[in-house]
Amino acid sequence: MIFLIVFLVILFALLAVFIGLHINQKRYTAFVSENSLCFCSLKEINSRFTFYPKINYDQYHTYDNEDFYNTISCDDYLIYQLQYQAQKISEQIEKIRRNEVEYKKYLDQIKTLQLGNFSAPIGKLKKEKLLKIEKRLCHKAKLSAPATQFYLTVTLHRSNINGRTYDSKTKTYSAETIFMLIKRLRNKSGAYYRDREIWDAICRVERGRVSNKMRFSIYARDGYRCRKCGISQRYATLEIDHIIPIAKGGKSTYDNLQTLCHRCNVEKGDKL
Ligand SMILES: [Zn+2]
């Protein structure tokens, strides 16, 4: 019985101390957030700065065809994607550059702030404790660093026809390299790129868009027969042909692909 009473007394005492400390802590925090000149200035500075969020433009692709995986480089893949995403990506690069400039300004401004100045007398409050709390509050209120460097990574995977990945290659590009590629892509007439390397890269990736999976579904769609002479796969080797050739701006889409036998394909060559 006595033990129980002693135990309860100790418990209540501890609880009282704990509540007391908590109230005390709240009093200090309230005083600092109302009267700290550093904290108030920091909030005011914060309200004048906004940073752009980081948007990820990393590129991924999986090839289920060994040849395409080996011949298509990360550079090729990036060039191909930049045909469609150059605008969005260069906007993002500009935003990240603006973040860099603005964040530097922000750091310069908050560097001038000094701890330990209060707009009201501190009375019986302990200076040391106030400073500790002020430091913590200001640290928490500081805006976190935005993205200030732009990088884009291209990753190409090699998989089997069921999609199981077993090899990959990756390369990271800086804003400068991307801008240089975008500039080269602007050298264009109609659907053609005058820069030979750029054009070849785009053709390689376009050709590589015919995955093995797609190839077999085109054969199936065409009844495993040459669409020109009608010979079946029992008597000839079937191939996939781009109706409008890639070199003439054709795409690797279902309606631009057909099954031809090797002979008809060679005969057709790059003609429409
Ligand atoms: Zn044929």
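# Questions on a predicted model

Student: Is C203 buried or exposed?
Tutor: The model is predicted, and in it C203 has a relative accessible area of 7%. Burial requires a value under 20%. C203 therefore counts as buried.

Student: How far is the sulfur of C203 from the closest cysteine sulfur?
Tutor: The closest cysteine sulfur belongs to C74. A disulfide would need the two sulfur atoms to lie within 2.5 Å. The sulfur of C203 is too far from that of C74 for a bond, because the separation is 19 Å.

Student: How many disulfides does the structure hold?
Tutor: A disulfide joins the sulfur atoms of two cysteines by a covalent bond. The number of disulfides in this structure is zero.

Student: Which residues coordinate the zinc ion?
Tutor: Each donor is an SG atom, placed at 2.2 to 2.3 Å from the zinc ion. Along the chain these donors follow the spacing C-x2-C-x31-C-x2-C. The coordinating residues are C226, C229, C261 and C264.

Student: What arrangement do the four donor atoms make around the zinc ion?
Tutor: The angles subtended by the four donor atoms run from 99 to 116 degrees. Four donors meet the criterion if all angles lie between 85 and 135 degrees. The arrangement is therefore tetrahedral.

Student: What is the relative accessible area of C229?
Tutor: Two other zinc donors, C226 at 3% and C261 at 5%, are buried. C229, in contrast, is partly exposed. Its relative accessible area is 47%.

Student: How are Y103 and Y106 arranged as an aromatic pair, and how many aromatic pairs are there?
Tutor: Ring centres within 6.5 Å make a pair, and planes under 30 degrees apart count as stacked. By this rule the count of aromatic pairs is 10. In the pair of Y103 and Y106, the centres are 6.1 Å apart and the planes differ by 25 degrees, an arrangement that is stacked.

Student: In which helix do Y103 and Y106 lie?
Tutor: Y103 and Y106 are both buried. They are separated by about one helical turn, because they stand three residues apart in the helix. That helix, covering residues 74–111, is α4.

Student: At what angle do the ring planes of Y192 and W199 stand?
Tutor: W199 is buried, at a relative accessible area of 10%, whereas Y192 is partly exposed at 37%. Their rings form a tilted pair with centres 5.5 Å apart. The angle between the planes is 55 degrees.

Student: Which residues do ring pairs link into a cluster?
Tutor: The stacked pair of Y103 and Y106 is part of the cluster. The members linked by ring pairs are F49, F51, Y103 and Y106.

Student: Over which ring does the charged end of K169 sit?
Tutor: One charge placed over a ring is that of K129, which lies over the face of Y28 at 4.8 Å from the ring centre. The charged end of K169 is 4.6 Å from the centre of its ring. That ring belongs to Y69.

Student: What distance separates the centres of domain 1 and domain 2?
Tutor: Domain 1 takes in residues 2–51 and 119–141, while domain 2 takes in 210–272. With centres taken over C-alpha atoms, the distance is 75 Å.

Student: How far apart in space are L42 and H139?
Tutor: L42 belongs to helix α2, residues 37–47. L42 is buried, with a relative accessible area of 3%. In sequence L42 and H139 are 97 residues apart, but their C-alpha atoms are separated in space by 9.9 Å.

Student: How far apart are the C-alpha atoms of V205 and F3?
Tutor: V205 is placed in helix α7, residues 196–208. At 1% relative accessibility, V205 is buried. Along the chain V205 and F3 are 202 residues apart, and the distance between their C-alpha atoms is 82 Å.

Student: What is the phi value of Y224?
Tutor: Y224 is in the loop between α8 (212–221) and β6 (238–242). Y224 counts as partly exposed, at 36% relative accessibility. Phi is positive here, in a residue other than glycine, and is near 55 degrees.

Notes. Residues numbered from 1 in each chain as written. Predicted model: local features only at pLDDT ≥ 70, side-chain atom pairs only at ≥ 80, totals over all residues. Heavy atoms only, no water. Phe/Tyr/Trp six-rings, centres within 6.5 Å; stacked < 30°, edge-to-face > 60°. Helix = DSSP H or I, 4+ residues; strand = E, 2+ residues; numbered from the N terminus. Buried < 20%, exposed > 50% of the residue type's maximum accessible area, 1.4 Å probe, protein only. Lys NZ or Arg CZ within 6 Å of the ring centre and 35° of its normal. Domains from an automatic or database assignment. Donors = N, O, S within 2.8 Å, 3.2 Å for Na, K, Ca; no water. Tetrahedral: all angles 85-135°; square planar, octahedral: opposite > 155°, others 65-115°.
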